Amino acid sequence: MEQSDEDLMQAVAARDERAFRRLVDRHGPKLRAIAGQFLDSSAADDAVQDSLIALWRHAGRYDPSRAALSTWLYRILVNRCIDIRRQRFRWPWSTIDEAEDVPSDDISADRALAGIEMLRSVEDIIASLPPRQRMALMLATVGDRTAEEIAALLGTTRSAAEQLIARARKGVRAAMREPTDGSD
């Protein structure tokens with residue numbers, strides 16, 4: 001039978017390393033996916049590691065009646081990402097791998113390259129969003145978090161979280177409709 005997060009956290013508070021490893025296995029990949037959308041690979045790894053160290057150190061402070069473990073842990077990660085962002089004064093967006101060795105006379109290759117270009121433009125648009133809008137949008141899409149969870153993670157109200165997500169989506173849609181210059 002699968003142990004609940006709450007049971008595992010009680011064990012972690014008692015310094016059970018196996019319980020900690022189970023929580024890392026359960027939550028680590030999602031934490032890394034979120035952090036990787038806001039920070040470069042090395043910084044994302046650092047943010048996740050710092051978050052998991054905080055989980056280990058402060059397991060006794062976790063109160064399941066206040067929030068789900070994932071919400072508590074995501075809040076730690078969000079704060080760490082913001083701290084790293086402030087230290088670096090940049091918020092790089094993860095890039096799509098370059099397409100290589102694609103024959104130029106292949107129509108499907110042209111479509112693939114067009115798709116890659118479209119994804120790059122969307123990445124650039126999302127990267128240009130204000131940080132809180134970008135964070136809310138990524139938590140909603142990549143993190144699959146509800147407005148209530150996003151509000152808790154960002155330290156705001158549900159309504160404010162919904163507005164951040166709506167503004168981010170509106171900004172992305174508007175930027176995608178803007179005509180390109182076409183001059184080189």
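Here are some notes on the fold, three helix pairings and a few individual residues.

1. **Overall picture.** A word on provenance to begin with: this is a predicted model. The protein chain contains 8 helices and 0 strands, and its pattern along the sequence reads α-α-α-α-α-α-α-α. Of its 184 residues, 36% count as buried. If you look at contacts with a separation of 6 or more, 63% of them in the protein chain come from residues 24 or more positions apart.

2. **Helix 1 against helix 2.** Starting at the N-terminal end, helix 1 covers residues 5-13 and helix 2 covers residues 17-36. The two pack at an angle of about 140°, and their axes are 8 Å apart. That angle makes helix 1 oblique to helix 2, because it falls short of the range over 145 degrees that would count as roughly antiparallel. The crossing of these two helices is left-handed. On the helix 1 side, the contact is made by Asp5, Leu8, Met9, Ala11 and Val12. Helix 2 contributes Ala19, Phe20, Arg22, Leu23, Arg26 and His27. Sorted by class, this contact has 7 nonpolar, 1 polar and 3 charged residues.

3. **Val12, on the helix 1 side.** Val12 is worth a look of its own. This residue of helix 1 has 0% relative accessibility and therefore counts as buried, the cut-off being under 20%. Setting aside neighbours within four places in sequence, Val12 touches Ala19, Phe20 and Leu23, and also Leu55, Trp56 and Ala59. Ala19, Phe20 and Leu23 are among the helix 2 residues in the helix 1 contact. There is also a C-alpha separation of 9.0 Å between Val12 and Arg57, which sit 45 residues apart along the chain.

4. **His27, on the helix 2 side.** His27 belongs to helix 2. Its relative accessible area is 9%, so His27 is buried. The side chain of His27 makes a polar contact with the side chain of Asp5, at 3.0 Å. Both residues take part in the contact between helix 1 and helix 2, so this pair can be viewed together with point 2. Beyond its neighbours within four places in sequence, His27 is in contact with Asp5, Leu69, Ser70 and Leu73.

5. **Asp40, in a loop.** Next along the chain, Asp40 lies in the loop between helix 2 and helix 3, the latter spanning 41-57. With 33% relative accessibility, Asp40 counts as partly exposed. Where does its side chain reach? One partner is the backbone nitrogen of Ser42, at 3.2 Å. Another is the backbone nitrogen of Ala43, which lies 2.9 Å from a polar atom of the Asp40 side chain.

6. **Helix 6 and its burial.** Helix 6 runs over residues 131-141, and 8 of these 11 residues are buried, so the helix is largely enclosed by the rest of the structure. The buried set is Gln133, Arg134, Met135, Ala136, Leu137, Met138, Leu139 and Ala140. The next two points take its pairings with helix 7 and helix 8 in turn.

7. **Helix 6 against helix 7.** Helix 7 covers residues 147-154 and packs with helix 6 at an angle of about 140°, their axes being 10 Å apart. This makes helix 6 oblique to helix 7. Helix 6 passes helix 7 in a right-handed crossing. Arg132, Met135, Ala136, Leu139 and Ala140 of helix 6 make the contact with Ile150, Leu153 and Leu154 of helix 7. These residues divide into 7 nonpolar, no polar and 1 charged.

8. **Helix 6 against helix 8.** The axes of helix 6 and helix 8 (residues 158-177) come within 8 Å and cross at roughly 95°. Helix 6 is thus roughly perpendicular to helix 8. From helix 6, Arg132, Gln133, Ala136, Leu137, Ala140 and Thr141 take part. They meet Leu164, Ile165, Arg167, Ala168, Arg169 and Val172 of helix 8. This contact has 7 nonpolar, 2 polar and 3 charged residues. Arg132, Ala136 and Ala140 appear in the contact with helix 7 and also in the contact with helix 8.

Notes
Residues numbered from 1 in each chain as written. Predicted model: local features only at pLDDT ≥ 70, side-chain atom pairs only at ≥ 80, totals over all residues. Heavy atoms only, no water. Buried < 20%, exposed > 50% of the residue type's maximum accessible area, 1.4 Å probe, protein only. Helix = DSSP H or I, 4+ residues; strand = E, 2+ residues; numbered from the N terminus. Axes fitted to C-alpha atoms, helices over the stretch in contact; angles between N-to-C directions. Parallel < 35°, antiparallel > 145°, perpendicular 65-115°, else oblique. Left-handed = near helix turned anticlockwise from the far one by under 90°. Contact = heavy atoms within 4.5 Å. Nonpolar A, V, L, I, M, F, W, Y, C, P; charged D, E, K, R; others polar. Polar contact = N/O pair within 3.5 Å; in protein donor to acceptor, adjacent residues only side chain to side chain.
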